[in-house]
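This report describes aromatic side chains, strand pairing and a surface patch in one protein chain. Look at the sequence and the structure before reading on.

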Amino acid sequence: ARGGTVLYPEMDVAGGSLALRDSSRLSRLTLPSPILSCGLSFGTESLFATTEIDFTTSGLAKSANGSGFFGLWSAADYLGWWTFPGEAYVSWAGEYVSVAAGRFRTGIGFGDSNLFLNGEAPWYDHLEWSFWFGPFRFFSLWGSSSSQLSAAEYAVQGIDWDVDNNHDAATESVTAIKMFTYHYLELVPLDWLGFGLGEMQIVGGKTPELAHLLPLSYWHNTYSAGSSNVMLLATVWTVPLRGLLLRGEFVMDDSKSPSEHGTAKPNCWAWEAGATWVLPARPSGWMLTLDAEYSHADTWTYARWQPYLTMYQRQTLTGGWNGLDVPLGHPDGGDVDKYSLRLVAREKSGTRVEFGYAWTVKGPVYLGMIATVGPDFVPVYYDFDDWTNEGDLDALLGSTRKHVHGVDARVVWPFARAWKLDASVDFRVVLNAGHVSGKTEYETVWKLGLAREFGR
């Protein structure tokens with residue numbers, strides 16, 4: 001390609017880091033529970049704290065061998081692929097306020113493909129607090145990402161690629177910091193109707209100011225255009241019938257106004273619509289739930305030219321040479337359409353059976369792409385041709401969209417005392433694999449586990 005060679009975040013030209021590019025594999029390749037873990041939890045009526053150490057090689061980050069089979073625990077090398085603790089936090093809850101700090105899962109939004117704060121992420125290192133009173137609910141979060149950059153990423157981060165719009169020369173220096181904050185306000189005027197409005201920001205390459213951290217400050221990039229990135233969320237949900245939830249979300253990353261010239265950033269939006277129906281039929285004490293969802297993200301949504309402002313969280317593994325780049329928004333990043341249907345059956349004893357189908361259409365744009373153009377590193381962005389030659393972006397990426405048809409099934413069966421059987425299978429047909437027209441690949445992931453909890 002005339003534009004050069006594309007480097008993804010998992011390819012460090014200095015021979016260092018390896019990061020997972022296909023973040024949708026996170027949930028597929030992660031075990032439901034660690035092979036072995038031990039921890040400590042304690043609490044009172046309003047205070048709770050927990051921490052754990054697990055001993056599981058992270059197969060989701062490792063490369064498969066020639067057979068493609070890499071599901072076994074490799075005790076000899078687990079230290080090189082260890083993220084620990086997997087969960088450790090302290091929380092306090094009062095009548096109207098709750099606070100939690102540490103490493104644990106979280107998310108914003110309904111459904112599987114959260115557009116604003118990815119609920120599939122293994123964990124976030126963060127502080128969050130919530131306040132609720134009457135029909136109002138408020139949520140705020142400060143989170144951090146590993147500030148590690150590859151040689152190519154550092155070269156890009158240190159150059160001002162937005163000379164037309166960046167009015168802050170201080171951003172030409174680089175401070176090794178990447179953090180993100182979220183604010184979300186929900187109004188529930190009726191039991192069956194709710195509205196939400198939220199804002200997120202990423203601060204990267206500079207030391208955060210107080211304006212970045214205050215929970216009720218908005219549109220932070222007004223004060224630091226070259227070192228912060230913000231976006232807006234609007235949500236609505238309703239329960240028009242007993243057992244039926246309808247939901248919708250809209251995210252605005254950037255919008256191009258009529259007065260902006262042709263080289264301005266195009267519209268970067270995302271939206272999601274879904275429905276969850278608790279079926280009226282309840283055979284022998286089972287509850288059946290059917291969920292349908294459609295989500296979309298525009299080509300350059302969540303993307304920026306600076307690695308520190310691109311909307312992903314980097315989770316560095318033991319040793320610092322390897323890591324995971326987890327999108328903060330849609331689990332597949334931008335340039336994607338996804339349709340899904342899932343049936344879940346739950347029984348009072350805790351038995352769970354589910355079946356799902358998903359069709360994902362993914363374009364060739366991924367978060368954090370960098371190209372080599374001669375001796376230089378150039379971020380792959382909508383204005384790539386302005387830095388190279390006309391037509392280079394199309395020549396570099398092409399337009400072939402990858403189609404993934406996936407079916408999965410899972411059974412969770414508690415039996416005896418504290419014992420649980422967990423089995424699942426995930427099969428996918430990938431058309432235009434690697435965005436190569438006509439190339440087809442097949443992926444199968446199966447898991448079978450038997451778990452017991454002690455000391456509870």
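In this predicted model, the charged end of R103 sits over the ring of W123, at 3.7 Å from the ring centre. A second arginine, R304, lies over the face of W305, with 4.7 Å to the ring centre.

**Aromatic pairs**

Rings also meet other rings. A pair of aromatic rings is described by the distance of the centres and the angle of the planes. The model has 16 aromatic pairs. Two of them are set out below.

| Pair | Centre to centre | Angle between planes | Arrangement |
|---|---|---|---|
| Y381 and Y382 | 4.9 Å | 65° | edge-to-face |
| F427 and Y442 | 6.4 Å | 15° | stacked |

Why is the pair of F427 and Y442 called stacked? Its planes are 15° apart, and planes under 30 degrees apart count as stacked. The pair of Y381 and Y382 has 65° between the planes, and an angle over 60 counts as edge-to-face.

The pair of F427 and Y442 links distant parts of the chain: F427 belongs to strand β22 (residues 419-431) and Y442 to strand β23 (residues 440-452), and the two are 15 residues apart.

Are these rings buried or exposed? Y381 has a relative accessibility of 0% and therefore counts as buried. F427 is partly exposed, because its relative accessible area is 33%. For Y442 the value is 60%, so this residue is exposed.

Ring pairs can also join into a group. F116, Y124, F180 and Y182 are linked in this way into a cluster.

**Strands β8, β9 and β10**

Strand β9 (residues 175-190) pairs with strand β8 (residues 136-144) in the antiparallel sense, over nine bridges. Within this pairing, T181 in β9 stands opposite W142. Strand β9 also pairs with strand β10 (residues 193-205), again in the antiparallel sense, over twelve bridges. A hairpin through two residues joins β9 to β10. Y182, one of the residues in the ring cluster, has M200 in β10 as its bridge partner. In a regular strand the side chains alternate between the two faces of the sheet.

**A nonpolar surface patch**

W142 also belongs to a nonpolar surface patch of about 680 Å², together with L40, F42, L47, V90, W92, V99 and L127. Which elements give two or more residues to the nonpolar patch? They are β3 (37-43) and β5 (88-93). F42 lies in strand β3. F42 counts as partly exposed because its relative accessibility is 48%.

Terms used: Residues numbered from 1 in each chain as written. Predicted model: local features only at pLDDT ≥ 70, side-chain atom pairs only at ≥ 80, totals over all residues. Heavy atoms only, no water. Patch = residues over 30% accessible without salt bridge, like charges linked within 9 Å, V, L, I, M, F, W, Y side chains within 5 Å. Areas by Shrake-Rupley, 256 points an atom, 1.4 Å probe, with all protein chains shown as cover. Salt bridge = Lys/Arg side-chain N within 4 Å of Asp/Glu carboxyl O. Helix = DSSP H or I, 4+ residues; strand = E, 2+ residues; numbered from the N terminus. Buried < 20%, exposed > 50% of the residue type's maximum accessible area, 1.4 Å probe, protein only. Phe/Tyr/Trp six-rings, centres within 6.5 Å; stacked < 30°, edge-to-face > 60°. Lys NZ or Arg CZ within 6 Å of the ring centre and 35° of its normal. Pairing = 2+ DSSP bridges.
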